[in-house]
Amino acid sequence: MSDSAELIWLIRSRYELNSEELERYYHLINKIIEQTATSLKIKYDSFDLMRVSSIITKDGFINQCWDLLEGEDDNDKRLIDMLQNLEFKDDKPLKSYIKKAFENLFLDSLNKIFPEFQTRQKQVSRVMEKLCVKIRGNNFSSKGELWQLKEYQSSSCQTMTLEELKMATSNFKIPAITYPKSEDAQRGGSIKDEDMQNYMVQIFCAAGGAIYKKDIDGLIAHLFCSNQINPSTSDGYDNQNYEDRENYGKSVDILSSKDLVMPSFCYTAIAQQTIEAMDREMRDIIYLIYVKEIDQGQVAKIVEKSEGYVSKIKQKIQKHITDYIKNGSYQFSYQEGKIIFRLILELIAQAKEVSYL
């Protein structure tokens with residue numbers, strides 16, 4: 001076993017490793033997880049909303065990475081099994097492959113919380129692809145590629161900081177956004193490609209012709225995601241039980257806000273209050289069906305009720321949440337309703353207060 005292929009050998013020999021070799025395997029994987037977490041913080045922590053620690057805790061990220069890599073024995077999609085069938089010339093491309101897989105875990109969490117970000121990020125990349133060249137600028141290591149309008153290639157560009165970009169675009173009119181009517185829609189709102197392209201060209205010109213990729217993402221988060229929930233308001237929940245949080249929502253006067261966009265802690269308060277108004281049976285059913293995604297027939301067996309009874313409780317839950325959100329004095333948009341529903345599921349999942357499990 002050469003030093004340059006140590007991890008390759010450890011992964012291929014995973015099920016025959018002795019205690020010393022196993023410890024080395026754990027050490028190398030944990031090091032990759034740490035490196036991934038560090039690079040993610042560099043990439044996302046300058047954003048107003050998308051701070052890594054507010055999207056997932058350190059322990060949560062470590063657990064997710066190990067679950068992806070090894071998971072349960074009967075999981076046929078474990079990364080460790082896939083890696084054993086792939087060829088790598090040495091450890092360097094293998095580590096890059098694993099790191100990318102771990103980074104995608106974070107991106108999945110980010111996109112669930114901020115569907116608008118993923119939609120806009122992909123659209124901006126698509127509409128600007130033919131208009132820009134991508135080069136390695138002076139800040140490539142921390143900000144990624146520099147996107148430069150082709151018409152500005154002959155001139156040297158003085159790039160703006162993210163804060164300067166925000167100021168420069170503060171009076172620009174954002175293109176019209178059409179939000180999906182379907183409650184099952186997974187994407188954010190829709191903007192015509194032509195409108196988005198014209199908008200981004202205006203921004204690039206105001207910026208002097210070039211913007212770093214990280215700053216483009218930061219600007220997208222600032223411009224299009226500022227009305228979505230900031231998950232940082234739920235920090236600390238992981239170390240509290242349900243009873244400790246029971247009065248959280250009651251301590252916030254959710255109707256006193258005068259802001260045009262409701263502060264993120266108010267969304268959390270409303271989600272918490274909605275849960276408090278549920279009985280134990282409703283919490284159990286919502287956890288099993290929506291959080292654990294267990295088939296309704298199987299849920300009926302778990303709770304020892306008929307499938308028709310479970311369906312009735314499910315309808316009761318849907319009406320309860322809809323009524324609780326809509327009957328307040330604050331008029332929520334469709335997107336805000338989705339945010340609150342996601343928060344309800346997250347809070348119930350964190351509480352793990354299910355009598356049948």
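Six aromatic pairs, by count 6, are found in this predicted model. One of them joins tyrosine 25 and tyrosine 26 in a tilted arrangement, with 5.6 Å from centre to centre and 45° between the planes. The two partners sit in unlike surroundings: tyrosine 25 is buried, with a relative accessible area of 0%, whereas tyrosine 26, at 32% relative accessibility, counts as partly exposed. A further pair is made by phenylalanine 88 and tyrosine 97, and here the geometry is edge-to-face, with 5.7 Å between the centres and 65° between the planes. Phenylalanine 88 counts as buried at 18% relative accessibility, because the limit for that class is under 20%. Its partner, tyrosine 97, is partly exposed, with a relative accessible area of 33%. Tyr25 and Tyr26 also belong, together with Trp66, to one aromatic cluster.

Trp66 leads on to helix α4, where it is one of the buried residues; the others are Phe61, Cys65 and Leu69. The helix covers residues 58–69, and its 12 residues reach 17 Å from the first C-alpha to the last, close to the 16 Å expected at 1.5 Å a residue. How are the buried residues of α4 placed when seen down its axis? They fall within an arc of 130°, so they line one face of the helix. The general geometry of helices is helpful here: an α-helix has 3.6 residues a turn, so residues three or four places apart point the same way. The buried residues of α4 pack against α2 (19–44), α5 (79–83) and α6 (91–113). On the face turned away from this buried side, α4 carries the exposed residues Asp59 and Asp67. Just after α4 comes glycine 71, which takes a positive phi of about 50°.

The helix α6, one of the packing partners of α4, also has a prominent place in the nonpolar interior. The largest nonpolar core has 58 residues, and those with the most contacts inside it are Tyr25, Ile29, Ile98, Phe102, Phe106, Met128 and Phe204. The largest share of this core, 9 residues, comes from α6. Isoleucine 98 gives a view of the surroundings: leaving out residues up to four places away in sequence, it touches Leu7, Ile11, Ile29, Ile32 and Leu83. A second, separate core of 24 residues includes Ile275, Met282, Ile340 and Ile344. Tyr25, listed among the residues with the most contacts inside the largest core, is the tyrosine that takes part in the tilted aromatic pair described above.

Helix α11 (residues 213–224) offers a further case. At 1.5 Å a residue its 12 residues should span 16 Å, and the end C-alpha atoms are 16 Å apart, which agrees. This helix is mostly covered, with 10 of its 12 residues buried. The buried set consists of Lys214, Asp215, Ile216, Asp217, Gly218, Leu219, Ile220, Ala221, Leu223 and Phe224, and it thus includes charged residue types such as lysine and aspartate by name. Two of these buried residues, Leu219 and Leu223, are in contact with threonine 169, as is Ile203, when neighbours of the threonine within four places in sequence are left aside.

Threonine 169 itself is placed in the loop between α9 (162–168) and α10 (193–206). Is this loop residue buried or exposed? With a relative accessible area of 3%, threonine 169 is buried. Its side chain reaches the backbone oxygen of lysine 166 at 3.4 Å.

Two glutamates in other loops make a useful contrast with this threonine. Glutamate 293 is in the loop between α14 (280–291) and α15 (296–303), and glutamate 304 lies in the loop between α15 and α16 (307–326). Phi of glutamate 293 is near 55°, a positive value in a residue other than glycine. Glutamate 304 likewise has a positive phi, of about 60°, although it is not a glycine. Glutamate 293 counts as exposed at 66% relative accessibility, and glutamate 304 counts as exposed at 69%.

Taken as a whole, the protein has 17 helices and 3 strands. Buried residues make up 44% of its 357 residues. Among contacts between residues at least 6 apart in sequence, 71% join residues at least 24 apart.

Technical notes: Residues are numbered from 1 along each chain as its sequence is written. This is a predicted model: local features need pLDDT of at least 70, side-chain atom pairs count only at pLDDT 80 or more; totals for chains, interfaces and linings use all residues. Side-chain values use heavy atoms; hydrogens and water are left out. Helices (H or I, at least four residues) and strands (E, at least two) are DSSP runs, numbered from the N terminus. Buried means under 20% relative accessible area, exposed over 50%, partly exposed in between (1.4 Å probe, protein chains only). A polar contact is a pair of N or O atoms within 3.5 Å; within protein, one must be able to donate a hydrogen and the other to accept it, and residues adjacent in sequence count only if both atoms are side-chain atoms. Contact means heavy atoms within 4.5 Å. The expected span of a helix is 1.5 Å times one less than its number of residues. The arc is that of the directions from the helix axis to the C-beta atoms. A nonpolar core is a set of buried Ala, Val, Leu, Ile, Met, Phe, Trp, Tyr and Cys residues joined through side-chain atoms within 4.5 Å. Rings of Phe, Tyr and Trp (its six-membered ring) pair if their centres lie within 6.5 Å; planes under 30 degrees apart count as stacked, over 60 as edge-to-face and the rest as tilted.
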